[in-house]
Amino acid sequence: MTMTDAHYKAPQVAGYADVPLEEKQRLFAEVKNDIRFADYLYGCYECGICVAACPSARFYDFSPRRIAQAAAREDVELFYQQMQEDIWECSQCFSCLRCPRGNNPGGIITIMREVAVGNGLASAREALKAYSRIIYKIMSTGTQVSPDMLQPDAFPDWGPETSDVSAHLDLWRRALPPETLHTTSTGWAVADKTLIELYLIWHHTGALDMIADVDPGLHAILAEVMEERLEEEGIEL
Amino acid sequence: MSSDTIAVIGGGPGGLRAARGIAEIGGSAVLIEQREFLGGTPIAENYAGLTPHNEPAEAAMRRMAEAVTSHPAVQVRLGTQVVAAEGEAGAFTLTLRGPDGREQVGCGAIVLATGFGHFDPGRETQMYGYYEFPDVIALQDLEAMLKVHNVVRPSNGQPPERVCFVQCVGSRDRQIGNEYCSKVCCGVASKEAIEVRQLLPDSKVFIFYIDMRMYGFWESQIYWPAQEQHHVQYIKGIITEVLPTKDGRLLVRGEDTTMGRPMEVPMDLVVLSVGMEPSPGTRAMARLLGVKQDKYGFIHAPGGPLDPVSTDREGIYACGAALGPADLEDTVSSAANAALRAVAYVRSRSLSAAG
């Protein structure tokens, strides 16, 4: 029980499914027990300097102060609501770091997002839907955007030169001096050794597992790619 | 006939500091205390620890009292009241009534150290029910519990799970007539909140406030530790009403202003952060000595901020919470100031008389 209980929010009108209080407490505990949490939240004056500095607060009903307050008050109801809504409105610019108490509301949001993703929250699925291609790219190749992703049909507003470039993409890339850029399917050539290390990092840190719930299809494809590659190297997971 | 003796009225922290100061710079003092003991309100009201550093009040007051009682230049009259005053500055005559009957004391100057009283929460204009609900208590009631390391709900003797402090009770209130801030209650409540959290680690402790006034070093000495290390919850929004619940708890109603929502939350113990008012002794001595009081009944200091201890009567000085809300630093500082002024006054009289 925190300051509010559920008296002021009717869960059935929220845009996400309500869950039992115990589940909210579990999610809150996961955030609070994160090793970074103690350095991100000291005490809140509720002065609003973070909101004044926050670009997102000018466009959304979003307040880094309320993030810090909900966490400080251990208001798990509001905290859960924020994990389903507010945290995805933050641009992670960390303007809120000017807090006189040394709090880091943006950092709390980083942890909340990680926990939301790791627990497959509906908001995380929704937020990451548009990013499946980028997640696929970065986790399978180690680079986020590759030249062949920049096709004129995808970016009609980039002007007529884009189609000229993409028509002879391979040639243009070979004209670039560094040899590592003579590739079109990745941003730069990624060494085999680097890729193997990356796959092991995704695996051991749980980064791969994090997306199992938010995008099972993507997770299956990535797992297959990685396992195949690791097997070739004689690494059994 | 002029006298070099200085009468100090009141034996709390201010009076003790003033009497000691007078003696230390070569004057002589008679310290008059109506109670049977020295130490003033911290002892009479069973304070556990002093704010902000939480030194046990009894030990601290004993130390101050011993410095006075052991000094040959101070005479102490306990259980003694001033019942009449005659004469003028330089040659006052006070009539004292004590355990051994009446006595007249001549003095050249007077230091009023008659202190404050806690605001009576029966006079508050909200509906907190101090005299109605046993689990609604005041700061000094909690001090007495902290002194014996046993914080319980008076209704059932059980430790409270949820405790809240309501700030500004009897202060900053036009309805009540006390428009001033009592200065110390934010710090005292926060200090007590820390102690409750230490004593009852499973408890939740809330402070409902209008502004937190943790001036100077109290910020990092009390406020930040309360919030950051002891997880005391500060909620900006004052309680308007305390109601009983069916299960024997208390429901406090207010607004959580920074979150923009009304709140009705259950509590086991509600602590009213009562402010300061002039003590009955302050009012009585002001009348007896013909010293002007301000609109709240505290001793008026016409000299303003650069002369905070002179009253409107020559040869009469005041210090500490007799002048208005004061913390201990204010009190001992103004007491030393008043001691210096009083000694300087009687010496200047003697010199001119000898001259």
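**Two helices in chain A, and where chain B touches**

In this predicted model, helix H11 (residues 192-205) of chain A and helix H13 (residues 216-232) of chain A have axes that come within 10 Å and cross at roughly 125°. The axes are lines fitted to C-alpha atoms, for helices over the stretch in contact, with angles running from 0 to 180 degrees between N-to-C directions, and the helices are DSSP runs (H or I, at least four residues; strands are E, at least two), numbered from the N terminus. That angle makes H11(A) oblique to H13(A), since angles under 35 degrees count as roughly parallel, over 145 as roughly antiparallel, 65 to 115 as roughly perpendicular and the rest as oblique.

Which residues meet there? Leu195(A), Ile196(A), Tyr199(A) and Trp202(A) in H11(A) meet Met226(A), Arg229(A) and Leu230(A) in H13(A), where contact requires C-beta atoms, placed from the backbone, within 7 Å. By class, this contact has six nonpolar residues, no polar ones and one charged; Ala, Val, Leu, Ile, Met, Phe, Trp, Tyr, Cys and Pro count as nonpolar, Asp, Glu, Lys and Arg as charged, and the others, Gly among them, as polar.

Turning to the other chain, 12 residues of chain B are in contact with eight residues of chain A. On the chain B side, the elements giving two or more residues are helix H6 (218-228), strand E12 (233-236) and strand E15 (261-267).

A note on conventions: residues are numbered from 1 along each chain as its sequence is written, and chains are lettered from A and ligands numbered from 1 in the order in which they are written. Because the model is predicted, local features need pLDDT of at least 70 and side-chain atom pairs count only at pLDDT 80 or more, whereas totals for chains, interfaces and linings use all residues.

Notes: Contact = placed C-beta atoms within 7 Å.
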